Amino acid sequence: MGVGVAGAVKTGARGGRWTRDDWDDGPLGRWERVFDGVRTYRMIAAMWIRSTMAYRASFVMTTLGNFAATGLDFLAIVLMFSQIDRLGGYSLPEIAFLYGLSAIAFGTADLVVGSMDRLGRRVRDGTLDTLLVRPAPVLAQVAADRFALRRLGRITQGLMVLGYALLALDDVHWTVLKVLLVPVMVLSGGAIFCAVFVGGAAFQFVARDASEVQNAFTYGGATLLQYPPGLFAQDLVRGVTFVFPLAFVNWLPALYVLGRPYPLDLPEWVAFLPPLVAAGCCALAGLAWRAGLRSYRSTGS
Amino acid sequence: MDSHSHSHSQVDGSFDESHDSFSNNSFNESFIELDGVEKVFDVRKKTGFMRSERREVRAVDSISFRVARGEMVGYIGPNGAGKSTTIKMLTGILTPSGGRLRVAGIDPSRERTRLARRIGVVFGQRTTLWWDLPLIDSYKLMHRMYRIPDARYRENLDRCVELLELADLLDVPVRQLSLGQRMRGDIAAALLHDPEVLYLDEPTIGLDVISKARVREFLRDLNAERGTTVLLTTHDLQDIEQLCSRVMVIDHGRLMYDGPLTGLHEVGDSERTLVVDLERELPPVEVPSARVVRVEGPRQWLAFPASESAAPLVARIAAEYPLVDLSVREPDIEAVIAKMLHSMRDTPKPPPEQAERSGRAAS
């Protein structure tokens, strides 16, 4: 890539007609493509941030709105605890711990790739074609489209709930491993949710109206994870552990931190699997995306 | 440059070397090459509850043509004839089901992003601009996304802004632009990176007369000054008449005609209309080689073959009748194509002249 740009500058200085072949650098390798995708993403996201900041007041309002709307969610749980002491055997700080982790992981994914659930509409109205004629990875273009910093509202709220939980949890015996597990959980959880968004978008290539189905897995999944697994049917817990591995976002590692028994008699070490699960999910989502795009390019609109 | 042409002839090893568009004396060589390109879609049709029938639709059926660098070609045909599908394959959006396709020596579907830097695309119906952002922001993004050298970018932007009269629109969000303004904005966006070929899908659809004229003039200058190859689909015969030296007609996914516009009139023996305003109401004008198709007070409509000049006809009427005013109307593109396709279906063997033309298409 760098060579190509240098070539273009050189010919520009020469003054003659700018010949393409100078920066036409052949097919991109895998890492170049990833680099190009990140570059494209940054570029488009920065453009959206700048355009949002042109209306600062409106940005502040929508961010506060986003914060408040997600905040009400937790308020409902707090109100519930004014009537009960335990929910499924869990105290309020313990629930807050689960809630905070889930909210941060989901909020991060929503911020980074939240626009992907519009893919079905893009396929329907044909605007996906306009992305395909640009010299940049389509995934990066779709993900960065309408990049909205107001989504930081959800993450902020999650961080505050998690902060409260960490202060209020008094019977956790913190070890180095447990402390390290918290940021690992947030990062892996975010990556797992990103994979769900991308995989869902890939599915929309085939089923164009599947945006609501995707929401069931993203928003629905995030809500599910805010409550202890003991509240749910065994089959559901089994499903989100082995089939659709949302349980690795926070449930399994968080239960290890809290020193609570695992569901389904799983061994203790599964608490440390989230990074591996996240990598696997991202790889699968990437493959699904490629298959989806390939099918689009062979069938058209 | 040399190393590139080398690597390309290796990639294209199976193909005749002389067609390698990377060689230096490339001006007269084909820039766009299609050999038996086809696109087959599987269409599912519901035939009842949970049951569907699969049917193959050949949107593009074994099309072959070549376009040289610097040509301006009109690509026309009825709705659903396969025009857009062809453009989508040429730009790398769609993968062909069969045949061989090269643009600037690149296989569009396999090296989409690489080709993207060398082509410009304007879709009349949808914008390539970022809908919610001011026009200038889209251009800034193009600048970085296409890695256009700063000086080049500024020069091209200034030129487009001046010729397409965009100066007052740069800070307006795209969604607030009128159709004509947006189209000009889109054309500018497609040209900032100096594409070698510009594809336009219905560039004048829905535009008013002034916008149409401005767009056409701009395209003509672009082609003349920069030698940009232009391929456009249109429903407007005037686009073709004013811009294209060559037309290709496609119907049911097949190339039916490839040649100059005048030839298209001959094949379809289409008619132009001469509208004359006489001093007073008179019985239908009687002249050879034209027939009166309509009379309305002092105004009469005369049909005459499109391949013939209107001048002798006008002279004759002016000499024999009290002529006040006149105008010549071109046949609309649908009528021309319909007539042409009709006459082709009627004649089992194409006339020699026509065979020669389609020969050009297949060569």
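I'll go through two parts of this model, chain B and then the annotated spans of chain A. Keep in mind that the model is predicted.

Chain B first. The domain assignment splits chain B in two: domain 1 takes residues 29-44 and 56-263, and domain 2 takes 271-330. Between the C-alpha centres of domain 1 and domain 2 of chain B there are 39 Å.

Next, a sheet in chain B. Four strands make up an open, antiparallel sheet, and the order across it is β11-β12-β10-β13. Which strands sit at the edges? They are β11, residues 291-296, and β13, residues 323-329, both of chain B, and each has a pairing partner on one side only. On average, neighbouring strands in this sheet are turned by 20° against each other, ignoring direction.

There is also a helix on this sheet. Helix α10 of chain B, residues 311-320, packs there and touches β10 (271-278), β12 and β13 of chain B. The direction of α10 makes about 160° with that of β13(B).

Back to the β11 edge. In chain B, β11 and β12, residues 299-305, run antiparallel and are joined by five bridges. Within this part of the sheet, B:Val295 is opposite B:Gln300 of β12(B).

Now chain A. An unreviewed UniProt entry annotates residues 57-84, 96-114, 152-169, 181-203, 236-257 and 269-289 of chain A as "transmembrane region". I'll take two of those spans. Residues 96-114 of chain A are 95% helix and 0% strand, with the end C-alpha atoms 24 Å apart. For residues 269-289 of chain A, the figures are 76% helix and 0% strand, and the end C-alpha atoms lie 31 Å apart.

That's what I have.

How values were computed: Residues numbered from 1 in each chain as written. Chains lettered and ligands numbered in written order. Predicted model: local features only at pLDDT ≥ 70, side-chain atom pairs only at ≥ 80, totals over all residues. Pairing = 2+ DSSP bridges. Helix = DSSP H or I, 4+ residues; strand = E, 2+ residues; numbered from the N terminus. Axes fitted to C-alpha atoms, helices over the stretch in contact; angles between N-to-C directions. Contact = placed C-beta atoms within 7 Å. UniProt positions renumbered as here; feature names shortened; annotations may be inferred. Domains from an automatic or database assignment.
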